[in-house]
Structure formats: structure tokens, C-alpha cells
Amino acid sequence: MAAVNRDRFIVRAELRVGNDSVISYGFDLTSSSVFVVTEWNAPVGTTVSLRLSFPRILDPIDVTARIADIRVAGEPGEPAGVGLVFDEASAGACLLDELERVESCGEASPSAERPYRVLLVDDSWLIRDMFAYGTAKFFERPGALAIDHAEDAEEAWAKLAKSTYDLVIVDYFLPSEDGASLIARLRGDARLARTPIVAISVGGRDAREATISAGADVFVDKPLVFRDLFNTLRVLAERRERARPVPERKAILVFDDSPFALALTRAALESAGFTVAIAADLSSFERQRVAFDPDLILVDVQMPEAFGDDVASTLRGWHGVEVPILLVSSLEQSELERRAQRAQASGYICKGAGMSELVRRCRELLEVAP
Amino acid sequence: MEDLHAKFLPQFVVLARKRLALALTAAIARDHSATSKVVRELHTLAGEAGLLGLHEVVPLARECEHKAKALHASHSDADADLLVGGLRQLEGVIERIGATAPKAGNS
């Protein structure tokens, strides 16, 4: 069977042998063979069950295959793994159809009206520069691929709330919140759950298991082989569906020094359909306020760094913030009311009123139906 | 909201026990340098309990917060004893809640 020229796009590879199963990735896919990156190995000739897929490129296809060769890790870009040859002619024919579809779709697609948008979440400036270089090198048409960056999970979340991305690439090792946690949040969000996610890391097996368990479609080891990754991006860009309108979700920024209060408030507001960003200190709050551009701000009153009413007052008077601001506190109601008025806040919520009341007030202020 | 309550209650109990242990240790030892931290911890405890709708906890935590503030101003043994008494009462309520809550990490 003929191989297809558009080789080395990355696929998710799920290997099963008896009770063992491994989820990894593969490349060099043809209608008769594939190379799967894995530390797992068995003797040459061992029969394995294999499921290959990649969202928006290759629908899951199950094949039986034999290990044809075993490779130990070599130079960068030559990871350890197994070369597999497919057993069944019928599966090969099916794969050939799929690959030809991949091959031909580029020409069939209308020229892109907007770039294929990727959010790269990685705190390494070197990786960012390499993506910029790869974009220029691998994409012939200027503007066909647009890569946006986020340094950490919170910045990524803020960008995801405000923009639509066709693909998210997440490094596992991120400051404060790791990539697996961010991926789990993405998968838990109704609007973002179907976005293809590629996890990347130097962390090897542990990072792969953590990110795949969290919901990544594919994990790719660093150092990245840019030829494979950009081939995959190019195929994705050519195959992408026209962007569907994104239902508008109101964005709420919550500022509280208690991590527990932040987690609980975020969970309650997200389950009510809001997009939520959180901040536990002033610098994070200011960064989030600018990046997230919230429709509503909730501020705790008594915090070690600042009083919430002073924060609200500064936002109104100094920054000209016009969106509603609510003070949230366990202070006495009369005291809270006085502080809210003085700070020109839109109102206040006693923490003692509970989460249901907090959600109700947010809906009321943002005119969102329950 | 019931799901959230079940999910976050065990975590609340763990945190509340830590805050109370800190407050009790400081009050019993008459460690007045720690009193302002105790006030903050009790204030936070009250807020977290309020968000979870634990109406039995909130007034007790607020009362302890006021007692800690009084102790911060007076440094007196009498105010320290009053605070210890309030904290013991709050501790009993937290333990009662903890006995019925699912174990932390199981949620």
C-alpha cells in the first residue's frame, strides 16, 4: 500500500497487550505501519491492539499490529519506541482512505479567512521563540497560523475566557498551577471541553500520565520535533471547521486572600455558567484585571495587603473602572454597607448569606437569567 | 450547591481545625505577639463558614474574633480565658460537623 507524502503528523496511540495498556503518541504513520514513542516494549513479533486517533484529523481507528522493531533513544528527535506493522489488510485499507482524506482536504478547503489560532501555555521564552520561528518556516502563507502565549495557568484561563482558540498546547511544568490541572479545568468547562489539547513536557512518563489522565488528547516529549508538530498544525489548519460563534459568558474576577474561599466561589460561579478568574494578592489581581477584562469584580474586604473597599475606591477613582464591583465579607452588614457606599462599590454581599445568594446577586447585576 | 457543599466541607473542617489549633495555642500560652494573626484567622474562618452556609459556626467565629481583638488591646488573663472558652465552644461545633462530613480527599 502506498504511503502518503504528508508524513509525520502526530497521532495519539493507545497500545494494549493483554492487561497492559499504554497511551502515548506516534508518527511516521502510513497505511501499513506507525512508530509509537514508548518506554514499554516486548519482543519483536509480539501482537498488540492499537487505537490511533487525533481530534479533527483522524477518527479513532482500531488495528492489530506486530512489533517490527524496537528503537532505543538516540539523538534529540529520535525517542525510544516501537515500530509497528499492521496485521489486517482491511484496517490498512481503511487507514489509507483516512490518510488520503487528510492529504486531499488541504486542496478542498477554501483558503482560510482567519488564522488557525493556537494558545501556547509555556513559561519558557525559548520555546515561544522557537514557535515563532517554526511558524515562519513551516507555514508558507503569512498569517495562516497565529500563536498566542500565556505564561501560566491563570493567564491562559483569562485568554481562553475572552478568545477562541482552535488548539491549546500546554506545558506540564508551569508556575503555581501545573499543566495537568489547567487541562482538567479546560475539560470541565462546557465551552472549552472539546478544544484539542496537546501537552508537552520534559517530564517523561509521569508528565505524560498526568496530562493524559487530565484529558490531553496527545502528549509530546520535549525536546519537541518541530517538523512533526508543525506538520500536525498545518494539517489541522487545513482541516479546521469554520469557527462557530461562541456563546457569550459573563466574566467575573474574584479577589480574596483565602484560597479556600477562592476555590469555593469559583466552583459555584462556574457551575452557574460564568467564566471566572481568581486572584489572591494585589499583583495577581491587577494582572488578571487587565488580561481578563471582567464584567464584574468581587472583592473581599479584610485582606493582609489591602482593604477591599480601598481597592474598589481606587478602581473607580483612579482607573476609571465602570463594571460592577461587589464587596464580599463576613463583616457586620451595617459596616459593610457603609464601606461599600464610601468606596462607590455597586453593593455588598455578606459571606454569611452563602453561595446561593452570591450567585443570585451576580446574576442580578449581570442581568443573567438563572 | 449541595454538591459543592459536600465537596468543600471536608476541606473546610481541616482548615478550621488548623486555625483553631493556632488560636488555642496562642491564647493558652498568652502569646500576645500572635494575637493579630489569630484575629485574621478567625475572621477568615467566619467568612469561609459563611460561604458554605454553616450558620452555626459563623456567629461563634465572629464572637471569638471580637474576643481576640479585646485580648489584643488588653493583654489580660481574663480576656485570654474568655477567648479560650469561646474557642473550645467553636471547636466542639467544628468537631461535630467534622464527624458527619466525608473524609477530606474523598470528594
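Trainee: Let's start with one residue. Setting aside neighbours within four places in sequence, which residues is A:Met303 in contact with?

Mentor: Once those neighbours within four places are left out, A:Met303 is in contact with A:Asp257 and A:Gly308. Keep in mind that this is a predicted model.

Trainee: How many residues apart along the chain are A:Met303 and A:Asp257?

Mentor: They are 46 residues apart along the chain, yet their C-alpha atoms are separated by 5.9 Å.

Trainee: And where does A:Met303 lie in chain A?

Mentor: A:Met303 is in the loop that runs between β14 (296–300) and α9 (308–317) of chain A.

Trainee: Does a loop residue like that get a burial label too? Why does A:Met303 count the way it does?

Mentor: You count C-beta neighbours inside 10 Å, and 20 or more makes a residue buried. A:Met303 has 22 of them, so it counts as buried.

Trainee: Okay, sheets next. What's the general idea?

Mentor: Strands of a sheet pair through backbone hydrogen bonds, and the pairing is either parallel or antiparallel. Chain A gives you a case of each. One is an open sheet of five strands, ordered β13-β12-β14-β15-β16, with parallel pairing.

Trainee: Which strands stand at the edges?

Mentor: Those are β13 (275–279) and β16 (347–350) of chain A. Each has a single partner strand, so one side of each has no neighbour in the sheet. On average, neighbouring strands of this sheet are turned by 20° against each other, direction ignored.

Trainee: Can we zoom in? How many bridges pair β12 with β14(A)?

Mentor: Four bridges, in the parallel sense, with β12 covering residues 251–255 of chain A. For a residue to click on, take A:Phe255, which stands opposite A:Val299 in β14(A). While you're there, look at helix α7 (residues 259–271) of chain A, which lies across β12 and β13 of chain A. Helix α7 runs at about 170° to β13(A).

Trainee: And the antiparallel case?

Mentor: That's a closed barrel of six strands in chain A, running β1-β2-β3-β6-β5-β4 with antiparallel pairing. Neighbouring strands there are turned by 45° against each other on average, direction ignored. Strand β1 (residues 11–17) and strand β4 (residues 47–54) of chain A run antiparallel and are joined by five bridges. A:Leu15 stands opposite A:Leu50 in β4(A).

Trainee: What about odd backbone torsions?

Mentor: Most residues other than glycine have a negative phi. Two cases here have a positive one. A:Ser176 has a phi of about 65°, and B:Arg30 has a phi of about 55°.

Trainee: Where is the place of A:Ser176, and where is that of B:Arg30?

Mentor: A:Ser176 is in the loop between β9 (167–171) and α4 (179–187) of chain A. B:Arg30 is in the loop between α1 (2–28) and α2 (35–52) of chain B. A:Ser176 has 10 C-beta neighbours inside 10 Å, so it counts as exposed. B:Arg30 has 13, which makes it partly exposed.

Trainee: Since we've reached chain B, how many helices and strands does its secondary structure come to?

Mentor: Four helices and zero strands, so to speak, a plain α-α-α-α along the sequence. Chain B has 107 residues, of which 40% count as buried. Among its contacts between residues at least 6 apart in sequence, 62% join residues at least 24 apart.

Trainee: How do I read a helix pair?

Mentor: Two packed helices are described by the angle between their axes and the distance between the axes. α1(B) and α2(B) pack at about 160°, with axes 10 Å apart. They are therefore roughly antiparallel to each other, and α1(B) passes α2(B) in a left-handed crossing. The residues in this contact include B:Phe8, B:Leu15 and B:Arg19 from α1(B), and B:Val38, B:Glu41 and B:Leu45 from α2(B). Twelve residues of the contact are nonpolar, two polar and three charged.

Trainee: Last one: how many residues does each chain bring to the contact between chains B and A?

Mentor: Chain B brings 17 and chain A brings 16. On the chain B side, α1, α2 and α3 (57–74) each supply at least two residues. The largest share of that side, eight residues, comes from α2(B). By type, the chain B side has nine nonpolar, six polar and two charged residues.

Definitions and conventions:
Residues are numbered from 1 along each chain as its sequence is written. Chains are lettered from A and ligands numbered from 1 in the order in which they are written. This is a predicted model: local features need pLDDT of at least 70, side-chain atom pairs count only at pLDDT 80 or more; totals for chains, interfaces and linings use all residues. A residue is buried if 20 or more other C-beta atoms lie within 10 Å of its own, exposed if 12 or fewer, and partly exposed in between; C-beta atoms are placed from the backbone. Two residues are in contact if their C-beta atoms, placed from the backbone, lie within 7 Å. Ala, Val, Leu, Ile, Met, Phe, Trp, Tyr, Cys and Pro count as nonpolar, Asp, Glu, Lys and Arg as charged, and the others, Gly among them, as polar. Two strands pair if DSSP finds at least two bridges between them. Axes are lines fitted to C-alpha atoms, for helices over the stretch in contact, and angles run from 0 to 180 degrees between N-to-C directions. Angles under 35 degrees count as roughly parallel, over 145 as roughly antiparallel, 65 to 115 as roughly perpendicular and the rest as oblique. A crossing is left-handed if the near helix is turned anticlockwise from the far one by less than a right angle, and right-handed if clockwise.
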